[in-house]
Amino acid sequence: MNNIKVGVITASDRASAGIYEDISGMAIQDTMKDYLTSEFEIVYRCIPDVQQTIEETLIELCDKEQCALVVTTGGTGPAVRDVTPEATEAVCEKMMPGFGELMRQVSLQYVPTAILSRQTAGIRGQSLIINLPGKPKSIRECLDAVFPAVPYCIDLIEGPYIETDETVIKAFRPKAK
Amino acid sequence: MNNIKVGVITASDRASAGIYEDISGMAIQDTMKDYLTSEFEIVYRCIPDVQQTIEETLIELCDKEQCALVVTTGGTGPAVRDVTPEATEAVCEKMMPGFGELMRQVSLQYVPTAILSRQTAGIRGQSLIINLPGKPKSIRECLDAVFPAVPYCIDLIEGPYIETDETVIKAFRPKAK
Amino acid sequence: MNNIKVGVITASDRASAGIYEDISGMAIQDTMKDYLTSEFEIVYRCIPDVQQTIEETLIELCDKEQCALVVTTGGTGPAVRDVTPEATEAVCEKMMPGFGELMRQVSLQYVPTAILSRQTAGIRGQSLIINLPGKPKSIRECLDAVFPAVPYCIDLIEGPYIETDETVIKAFRPKAK
């Protein structure tokens with residue numbers, strides 16, 4: 001397949017209730033448009049911070065929509081309604097601890113509260129799921145850090161071949177062994 | 001509530017048997033006195049390295065004593081009696097991997113054996129639990145690294161508002177969204 | 001006991017089928033010869049990427065062969081056949097997150113895809129198990145980073161006393177408390 005779908009899930013009680021605009025979800029979509037030269041389609045959901053709802057939405061975007069990449073925003077802090085990492089872990093077959101480690105390390109250059117983010121990443125079938133923080137500025141910092149590894153990761157799980165605008169972000173693919 | 005309690009648990013077979021003095025537990029208490037300008041009360045326990053005892057003590061300090069912060073020392077290494085991280089994980093609803101990552105990174109600047117520390121952190125109800133290493137010098141290095149994020153973390157889990165002496169340690173609270 | 005055994009497990013469908021030579025397993029053995037001045041024996045296995053086989057081989061090398069250190073190569077990526085970290089976690093009593101964190105951090109200095117490695121480490125009985133990446137160059141970079149902590153870790157789990165060639169790699173043992 002080379003029909004590329006990117007899932008974007010905003011987990012936010014207030015955004016999903018229409019109390020405020022989902023600028024975080026929009027920021028991810030704008031970043032994807034900046035990054036990718038491959039044609040792609042966004043599959044977007046804005047849902048409340050309910051673990052079961054997040055799990056069902058992740059499963060829908062991975063299994064039914066067949067998104068190669070699913071990016072979440074929101075719900076990674078320590079508060080009682082922050083359950084996105086738990087939902088992610090529940091639906092993934094493999095966890096990818098390096099994503100969360102690197103994102104926290106990058107965010108620590110800006111704010112010491114970066115250690116409060118529990119964001120992680122994992123693999124479900126042929127989809128890579130990545131949790132991002134809630135704030136647009138942090139979203140871009142985190143994506144800039146991890147995205148160079150994303151296209152090759154999707155190659156390895158037999159997803160579509162994704163090409164980026166190298167003047168914006170350079171995908172790294174090791175030479176054939 | 002604004003009655004601030006800080007739990008300090010020393011997990012050590014030898015200190016709890018009176019074979020040597022618990023200088024690590026004392027070092028944490030001294031550090032808290034250095035850091036905090038809010039009035040607070042220490043709830044202190046010195047117990048053996050038995051997982052069930054550590055779990056029960058954590059639960060007591062979180063649920064019954066209602067400590068906003070519970071700090072442990074000891075039992076984070078690879079030895080057979082080192083079970084503090086397992087006890088912590090067993091009683092927490094949410095794990096906070098960023099604390100352990102940052103503490104190991106800081107300790108690595110001093111000793112390559114910092115990677116042997118399995119220290120972690122997590123949330124139980126309205127309490128933040130943080131594992132620290134056993135040695136007083138490392139305790140202070142680790143607390144200096146993570147404490148700027150602690151008051152805001154406790155805000156997020158709806159604990160008391162904690163103020164610090166900014167000439168010693170500066171609590172970071174992001175501006176209102 | 002002071003009979004030192006080091007287990008080396010290559011998890012690779014192709015190497016175990018004889019499709020190509022196991023240069024990764026050889027690289028680990030060569031590195032051990034470079035590092036250690038203590039006499040030691042290598043116990044080597046080259047097996048397919050099957051979780052149960054990896055688990056059984058880890059158990060054999062820890063429990064029956066009594067290797068103080070078991071090092072694996074291969075199977076740490078995101079692909080469907082990459083299951084070495086899961087096998088490691090399944091057989092270990094204690095996980096040592098600091099090893100994977102440091103190895104990814106070191107590899108990140110060379111390639112942004114280092115975050116795709118899920119390598120970890122853990123303790124089973126009196127054996128330390130460490131997952132390494134698949135490529136010989138990365139194997140050496142990772143071992144150079146973590147090995148200074150390995151002899152002291154093995155002391156703490158009551159394994160044999162391991163000495164290194166300090167002109168190649170310096171084992172760190174903290175002074176007696």
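Reader: Which strands of chain A does helix α4 (residues 84–91) of chain A lie across, and at about what angle does the helix run to β6(A)?

Author: In this predicted model, α4 of chain A lies across β1, β3, β4, β5 and β6 of chain A, and its direction is at about 165° to β6(A). Angles over 145 degrees count as roughly antiparallel.

Reader: What makes β2 and β4 of chain A the edges of the sheet?

Author: The open sheet of six strands has the order β2-β1-β3-β6-β5-β4 in chain A, with mixed pairing. Because β2 (40–47) and β4 (94–95) each have a single partner strand, one side of each is left without a neighbour in the sheet.

Reader: How do you know that β5 and β6 of chain A pair?

Author: Two strands pair if there are at least two bridges between them, and four bridges join β5 (residues 121–124) to β6 (residues 127–132) of chain A, which run antiparallel. Within β6(A), Ile130(A) is the residue opposite Ala121(A).

Reader: Why are α3(C) and α4(C) called oblique to each other?

Author: The axes of α3 (residues 51–64) and α4 (residues 84–91) of chain C are 9 Å apart and make an angle of about 45°. An angle from 65 to 115 degrees would be roughly perpendicular and one under 35 roughly parallel, and the two helices are therefore oblique.

Reader: What relates chain A to chain B as by a three-fold rotation axis?

Author: A turn of 120° with a shift of 0.0 Å along the axis lays chain A on chain B with an RMSD of 0.0 Å, and the two copies are thus related as by a three-fold rotation axis. In chain A, the C-alpha nearest that axis belongs to Glu101(A), at 4.3 Å.

Notes: Residues numbered from 1 in each chain as written. Chains lettered and ligands numbered in written order. Predicted model: local features only at pLDDT ≥ 70, side-chain atom pairs only at ≥ 80, totals over all residues. Axes fitted to C-alpha atoms, helices over the stretch in contact; angles between N-to-C directions. Least-squares fit on C-alpha atoms with pLDDT ≥ 70 in both. Contact = placed C-beta atoms within 7 Å.
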